[in-house]
Amino acid sequence: MSTEWDQKLVIGSKARKPVVAKKESDVNAARRAGQAVATDKKLTPGLNTTNPAKLDRENEVAPPSKVAPSVGKAIMAGRMELKLTQKDVAVKINEKTNVIQDYESGKAIPNAQVLGKLERILGVKLRGANIGAKLEGPGAKKKAEAEASASASK
């Protein structure tokens with residue numbers, strides 16, 4: 001208990017804060033005095049050696065593929081054959097005119113739903129093999145098989 005009365009209490013004393021030395025001579029003087037010195041190299045805003053855009057490109061995945069030029073040509077050919085404008089086709093598939101323009105120019109990212117709508121309206125195959133081939137109506141294969149079997153039985 002007597003130890004509590006022996007301690008000195010100084011009111012108004014502030015703890016020392018770390019000092020930021022801007023000159024190299026100040027840092028060297030602190031080292032000679034035996035004080036702890038931590039140095040951080042700060043990059044100036046205009047002179048950063050790391051390019052943030054380059055770092056982003058390193059981490060990104062490859063950009064999504066675009067529509068093949070053959071698909072764009074097939075869309076254009078099917079549209080011309082039906083004598084439709086890009087706007088007419090866009091209205092029929094319930095999309096914007098820009099979507100049709102992007103698909104025809106090969107700038108669009110392929111979307112299965114849009115390609116399916118275009119296939120139905122234009123009657124041209126736009127996915128898989130034989131891009132640009134005419135689509136047959138529903139049940140056309142069965143009709144062809146029935147005709148082939150009928151002609152074979154004669």
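This passage describes the nonpolar core of a predicted model and one helix that contributes to this core. Residues are numbered from 1 along each chain as its sequence is written. Local features require a pLDDT of at least 70 and side-chain atom pairs a pLDDT of 80 or more, whereas totals for chains, interfaces and linings use all residues, and side-chain values rest on heavy atoms, with hydrogens and water left out.

The largest nonpolar core (a set of buried Ala, Val, Leu, Ile, Met, Phe, Trp, Tyr and Cys residues joined through side-chain atoms within 4.5 Å) has 17 residues, and those with the most contacts inside it are Ile 75, Tyr 103, Leu 118 and Leu 126. Two or more residues of this core come from each of the helices H4 (69-81), H5 (86-93), H6 (97-105) and H7 (112-122), helices being DSSP runs of H or I with at least four residues, numbered from the N terminus. The largest share, four residues, is given by H7. Apart from neighbours within four places in sequence, Leu 118 is in contact (heavy atoms within 4.5 Å) with Ile 75, Val 89, Ile 93, Ile 100, Gly 123 and Leu 126.

In H4, the buried residues (under 20% relative accessible area, with exposed meaning over 50%, for a 1.4 Å probe and protein chains only) are Val 71, Gly 72, Ala 74, Ile 75, Gly 78 and Arg 79. Seen down the helix axis, these buried residues fall within an arc of 160°, taken from the directions from the axis to the C-beta atoms, and therefore line one face of H4. They pack against H5, H6 and H7, while the face turned away from the buried side carries the exposed residues Pro 69, Lys 73, Met 80 and Glu 81.
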